[in-house]
Amino acid sequence: MTTLTTLWRHITEFGWLAIVLGIATIVAGELVGWGGARLVAAALVSAGGLALGISYGIREPGRRRVRGWLARYGRALVWLLAALITLPAALALGAAAIGSVVLVSHGSIDAMPLAGLAVAAGMLTAMTAVAFVALRATRAALSKDGARQVGVDTWERRS
Amino acid sequence: MIPTREITWNVDLIGRVALYALLALPAGFLAFGLARRARMWRLGQPDDRFDRLPSRLWGALVQGILHARIVRRRNLYGGVMHALVFWGFVILFIGTVIVMVEHDVAVPLFGLSFYRGNFYLGFKLAMNLAGLMLIAGVLMAFARRLMLQPATFESSADDLVVLAFLLVLSVQGFILQALRLAVERDPWAPWSFVSYPMSLALQSLPERWLRGLHLVNWWSHTLTTTVFLAYVAYSKMIHPFTGLASVVFRRLRPPGRLDPIENLEEANRLGIAGLEDFTWAQLLQVDACMHCGRCLEYCPTFRTGKPLRPRDLILEVAGYVADRGGIFSGELGQGMNAARFRWGAGAERELIGGVVSTEEIWDCTTCGACMEQCPVYIEHVPLIVGMRRNLVLERSEFPGELTAVFTNLERLGSPYQFRPAQRADWTRKLEHPVPEMAEVVASGEDVDYLLWVGCLGSFDGRNQRTTIALARILQAAGIRFAILGREETCTGDPARRVGNEYLAQLLAQQAVETLNACQVRKIVTTCPHCFNAIRNEFPQLGGHYEVVHHSQLISTLLAEGRIRLQSGSAVAQGKVTYHDPCYLGRYNRVFDEPRAALSALPGIQLAEMPRNRSRSFCCGGGGGRMFMEETRGQRINQARVREALETGAEVLAAACPFCMTMFEDGIRGAGAEGSLQVLDIAELVAGALVTPRDDSRAAAGAGLEPPA
């Protein structure tokens, strides 16, 4: 009981310690080629993350700072993440088109790569459309005027 | 060559370290979000929801995980879409765990590898299928939001972001697989039937390009996964946690039972007016709402254009408790959800009047259609009644029409201005007398049933006809029954549903004392509201009786041959449609017996309205609405009458005095007096009853002795 109470009292410190230890374990394990380190590292890092999340989560809320930060950098963050998340995929899907052109130029294309090109084109279209719609909605939601447009207008339209 | 692949193929040292180090982010963000929520739920009042745990868990498995409450015949598109997304995601998640077990546990710790051979081939097939399911489900969801747009639907930026994440994650998975296959050219690659054709299209590119693209996409996929998992607790994606918790901690008590205010005289706060007045289960439920809009599908107020929309009311409350409880939600801005910020944001808003309007609170008919449909078992009605209780008991703010109702209930024991002595006046219209319970007890005799007549059945001329019809049926069947007469009072149902809990408890207590004094065991009633109160709420006050609705008793009497029907009914012939009263059907699951009684009527053809049984559409009279003016939107009773007319029926069969009154008005309002009449099941059966006189006539005709 005493151990648990002590652990609980120092949960934040233990959380940080577990994360640091976990990262150190995975670095060492990968360097020396000991696969068992991965499980230990995953457990430590996850447990550390959970401990920190819980310790901050149960505290008295004081989210004004985070809200302010989100208001200031939210839009830039969204655009950065959108680029990092979608552009590599779009590049790879586009590469399938280049690959198909190469095959055509060599005269060696048949049905299967063409099907692959179709699949890639479909995925690219779907991803681009979905990302565009989501970004547009997010931009509207993050702006005050947009909020009114997405939110209240929807309400009024249905009234 | 054994089919398998190298896990973390083409990933460098930094990538392999990052894969594990980054686990702290989603774990931390998820734990933070859930801890914040748990903290908020703990602010609620106690509510014992930990009983019958096996039932709770089984229900969560069947209704939630196996989608029994989500995929419904009337909502197939939404259900199938959700099932595709859910199962696609779950299978892919399980696949990721399997790969982790192979890579991090089985091989390094035990030297065992199962990720090979036939298992590997089947795994690849399943993963490709799951990825396709997920993409198909997401595209269906987008089509629903952007093109189909059902009337009950409302979308938000957050919904679209979550869906975009799911689609991109799935596409990235296929891309990574295709790029690896393009380099490795596995002979078993066709098992990955989606990625394989793409890998063929990519094969002609230089290997260094392919490896470079793979690495960049691997990092992008790792980032996407990390951000998505970290975002879960602050988005609609929290619903697998909150929704499932809401299903586990669902109400297992009868849905028609409203919990009383304990120690009413000593309670500091009455009803719901702030965060601290909700129970923890209510806080969990409003937090679990994913604004799917199913509660609106059969909602009478939404369908007739009134301010109350159960989904929006829950979201308004959810916004309020999120603000007050300090949980992050809707951080994508106020545009996230229209209803949530309908009256503006901010923790300083007052719940009643500031967040939820009094119009919404008073519009509800307590029909329970919202609760019946909600996939996560949100209990809208107790929440609304809780706010009504605060308005009535603490603020004395209620619609003016209720003043007379409360006064009559207090003084006369009925919502109407009739003296208790007039309660048994209807018996004078019967050929045979009906004894009163006091006489029966005094004479030491016994009866089979107490007929609980109800206020409308006693005083209202139209509903007296139903009572008389039932009495004739009981007499024809040779059932010994009695009434309470002037001893009968209101059960307290209307007072309780409009929030006057003090008066409701007073009336119910009085009724229970009377019934117990008369040693009543079995009760038959024509009123589903009385039926519900006696069956589900009287036990709270020590009143335990076997109560049946008259439609159930009639159905049994017909099935047992204790009453017989003649072929030519004096009352009705042809098409009849039956309206399921909310407090009989939805709340007490009596659906078949009224239909059985109607089907037994010779020459009558039963035609169902599109909204029937548990999906029935309210008459508009429940929840005290019977006593209030309906000034907003279309009239609910007229909407239901129009639905009945569309079946081509000439008779609208009712089984509730409230419905009877509402439909009589509705028929007049819809101008359908000539084409539709409303009759109670008892009237229809009594109209076709073979009476002893009919038997004598038939026997004389056949030259036989009449039966004794």
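Contact, in what follows, means heavy atoms within 4.5 Å. The model I am showing is a predicted one.

I will begin with one residue, B:Glu297. Which residues does B:Glu297 touch, leaving aside its neighbours within four places in sequence? The contacts are B:Asn75, B:Thr152, B:Arg303 and B:Gln373. B:Glu297 itself sits in a loop of chain B, between α10 (280–288) and α11 (300–303). The residue is buried and has no salt bridge. The nearest side chain of opposite charge belongs to B:Arg294, 4.7 Å away. For reference, the cut-off for a salt bridge is 4 Å between a side-chain nitrogen of Lys or Arg and a carboxyl oxygen of Asp or Glu. What B:Glu297 does have is a polar contact, side chain to side chain, with B:Asn75 at 2.6 Å.

Next, the overall layout of chain B. The domain assignment splits chain B into domain 1 (52–247), domain 2 (269–394) and domain 3 (403–687). Between the C-alpha centres of domain 1 and domain 3 of chain B there are 53 Å.

Now the interface with chain A. On the chain B side 71 residues are in contact, and they meet 68 residues of chain A. The buried area between these two chains is about 5700 Å², and carbon and sulfur atoms give 75% of that. How many salt bridges are there between chain B and chain A? The count is two. A:Glu30 forms a salt bridge with B:Arg16, with 2.6 Å between the closest N and O atoms. Residue pairs in polar contact between chain B and chain A, both at pLDDT 80 or more, number 13. Several helices of chain B give two or more residues to the side that touches chain A, including α1 (13–21), α2 (24–41), α4 (76–110) and α5 (117–148). The largest share of that side comes from α6(B), with 12 residues.

That leaves the salt bridges in general. Over all chains the count comes to 42. I will go through three of them within chain B.

The first pair on my list is B:Asp159 and B:Arg145, whose side chains meet at 3.5 Å, N to O. B:Asp159 is in helix α6 of chain B and B:Arg145 in helix α5 of chain B, 14 residues apart. Both B:Asp159 and B:Arg145 are buried.

Then there is B:Arg251 with B:Glu379, where the closest N and O atoms are 3.5 Å apart. This pair links distant parts of the chain, 128 residues apart. B:Arg251 is in the loop between α9 (239–248) and α10 of chain B, and B:Glu379 in the loop between α14 (369–373) and α15 (380–394) of chain B. Are these two buried or exposed? B:Arg251 has a relative accessible area of 14%, so it counts as buried. B:Glu379 is buried too, at 7% relative accessibility.

Last comes B:Glu488 with B:Arg423, at 3.3 Å, N to O. B:Glu488 lies in the loop between β2 (481–483) and α20 (493–497) of chain B, and B:Arg423 in the loop between α16 (401–412) and α17 (437–443) of chain B, so this salt bridge ties together parts that are 65 residues apart in sequence. The relative accessible area is 2% for B:Glu488, which is buried. B:Arg423 is likewise buried, at 2%.

One of these pairs does not stand alone. Salt bridges that share partners join B:Arg251 and B:Glu379 with B:Asp47, B:Arg49, B:Arg253 and B:Asp259 into one network.

Key:
Residues numbered from 1 in each chain as written. Chains lettered and ligands numbered in written order. Predicted model: local features only at pLDDT ≥ 70, side-chain atom pairs only at ≥ 80, totals over all residues. Heavy atoms only, no water. Domains from an automatic or database assignment. Helix = DSSP H or I, 4+ residues; strand = E, 2+ residues; numbered from the N terminus. Buried < 20%, exposed > 50% of the residue type's maximum accessible area, 1.4 Å probe, protein only. Lys, Arg positive; Asp, Glu negative; His and termini not counted. Polar contact = N/O pair within 3.5 Å; in protein donor to acceptor, adjacent residues only side chain to side chain. Buried area = accessible area lost by both parts, 1.4 Å probe.
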